[in-house]
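This briefing concerns charged side-chain pairs and one proline in a single structure. Please consult the sequence and the coordinates alongside the text.

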Amino acid sequence: MIRKGSILMSLTALLVFSGCGTSGQQATGQGTGSAPKQEAAGQGGAALSGKLSFYTSQPEEDVTKLVAAFNKKYPDVKVDSFRSGTEEVTAKLQAENQAGKIQADVLLLADAVTFEGLKKQNLLASYKSPELAKIPKDLVDPDGTYSGTKVMATVLAINTQKVKTPPTSWKALASAEAKDAGIMPSPLYSGAAAYNVGVFSRTDGFGWDFLKGLKSNNISVVKGNGAVLQAVASGEKSSGMVVDYMVAREKAKGSPVELVYPSEGVPVITEPIGIVKNAPNEKAAQAFVDFVLSEDGQKLASSIGYTPIREGVEPPKGLKSMGQFKVLSSDISKLTEAREADKKQFTSIFGQ
């Protein structure tokens, strides 16, 4: 069972094909129908329109589906999306901040550690959506600067043609059978991977020695979770460390992959959403947050293949809900403070 009081302090992300996938891409989505203008919750009757700038680490196909669903409700809001891995999106935000103006209105990135860092810089607005009543309080920033939007566990993915007996432990990646055959995403690009490194390095029975063991076993380190899954699904690698929803999706397509929730537990990120302070289109940003957290938005997430965070919305086939696996966690304030140092330590071991 998960200790609720510790979830926010341990969850985040980040993480691709995933909350951390390919290089930066600019995409534009705009509602086109002739439906009347809709009102956002709490907007005092003001119809929504104008441009909404959305920065995210979600896969491009998922961004397209989310924007299209939002535009069905708010057809006069033109959504411009920028997507890349969480670390690259954050770098873009920092560059814009240094230049004197962040262009984004709303952010949806891998993990809470990323948002905690932005919060410390006073870059996030406080917005307590009415939809938060159905979101577990432990997965929401008490100051209202961000909220989790889904549950994403990092698991072991195996190629069932290469691995006949599914492993039960993370230590399988450091076993003789996995020599030269394992793969993981880089924390220098993926927010989820950065969170994983922070958690594993601070968990009894793992620590930096576990990561050094992976290096000694010649595990491959690639840019994002998408590349990990592709290598395992193709048989290039036998097993990998990757976010759960991607494995379930690929299995549903007929690929010879299976996901394993190791017995020691799994790191979990919540891909939070938040609004940038002094957002150019704050009203539309609030409506976007409301939609993502709403029952309709959470059912959309489930239909795409994510485990929803909202109470009462079932996870998709092939994935477990929060109460069905053990969570590996660490103090979020310590993870936030140590993220850059953790990435430097990882680089010193793996030579990234």
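The points below cover the salt bridges and then the proline.

The structure is a predicted model. Its salt bridges come to a count of 17. In general, side chains of opposite charge can pair when their charged atoms come close. Three of these pairs, a linked network and the surroundings of P272 are set out here.

**R249 and D62**

- A salt bridge joins R249 to D62, with 2.7 Å between the closest N and O atoms.
- This pair links distant parts of the chain, as R249 belongs to helix α8 (residues 244–252) and D62 to helix α2 (residues 60–73), 187 residues apart.
- Both partners, R249 and D62, are buried.

**K343 and E87**

- K343 and E87 form a salt bridge through their side chains, at 2.6 Å from N to O.
- Because K343 is in helix α11 (residues 332–350) and E87 is in helix α3 (residues 86–99), the pair ties together parts that are 256 residues apart in sequence.
- K343 has a relative accessibility of 11% and therefore counts as buried, the limit for this class being under 20%.
- E87 also counts as buried, because its relative accessibility is 12%.

**The linked network**

- K343 and E87 belong to a network of salt bridges that also includes D111, R339 and E340.

**K92 and E96**

- The side chains of K92 and E96 are paired in a salt bridge with an N to O distance of 3.3 Å.
- Helix α3 holds both K92 and E96, which are 4 residues apart, about one turn of the helix.
- K92 is classed as partly exposed because its relative accessible area is 26%, a value that falls between the limits of 20% and 50%.
- E96, at 11% relative accessibility, counts as buried.

**P272**

- P272 is located in the loop between strands β10 (266–269) and β11 (273–275).
- The relative accessibility of P272 is 0%, so this residue counts as buried.
- Although P272 and S147 are 125 residues apart along the chain, their C-alpha atoms are separated by 5.0 Å.

Note on methods
Residues are numbered from 1 along each chain as its sequence is written. This is a predicted model: local features need pLDDT of at least 70, side-chain atom pairs count only at pLDDT 80 or more; totals for chains, interfaces and linings use all residues. Side-chain values use heavy atoms; hydrogens and water are left out. Helices (H or I, at least four residues) and strands (E, at least two) are DSSP runs, numbered from the N terminus. Buried means under 20% relative accessible area, exposed over 50%, partly exposed in between (1.4 Å probe, protein chains only). A salt bridge is a side-chain nitrogen of Lys or Arg within 4 Å of a carboxyl oxygen of Asp or Glu.
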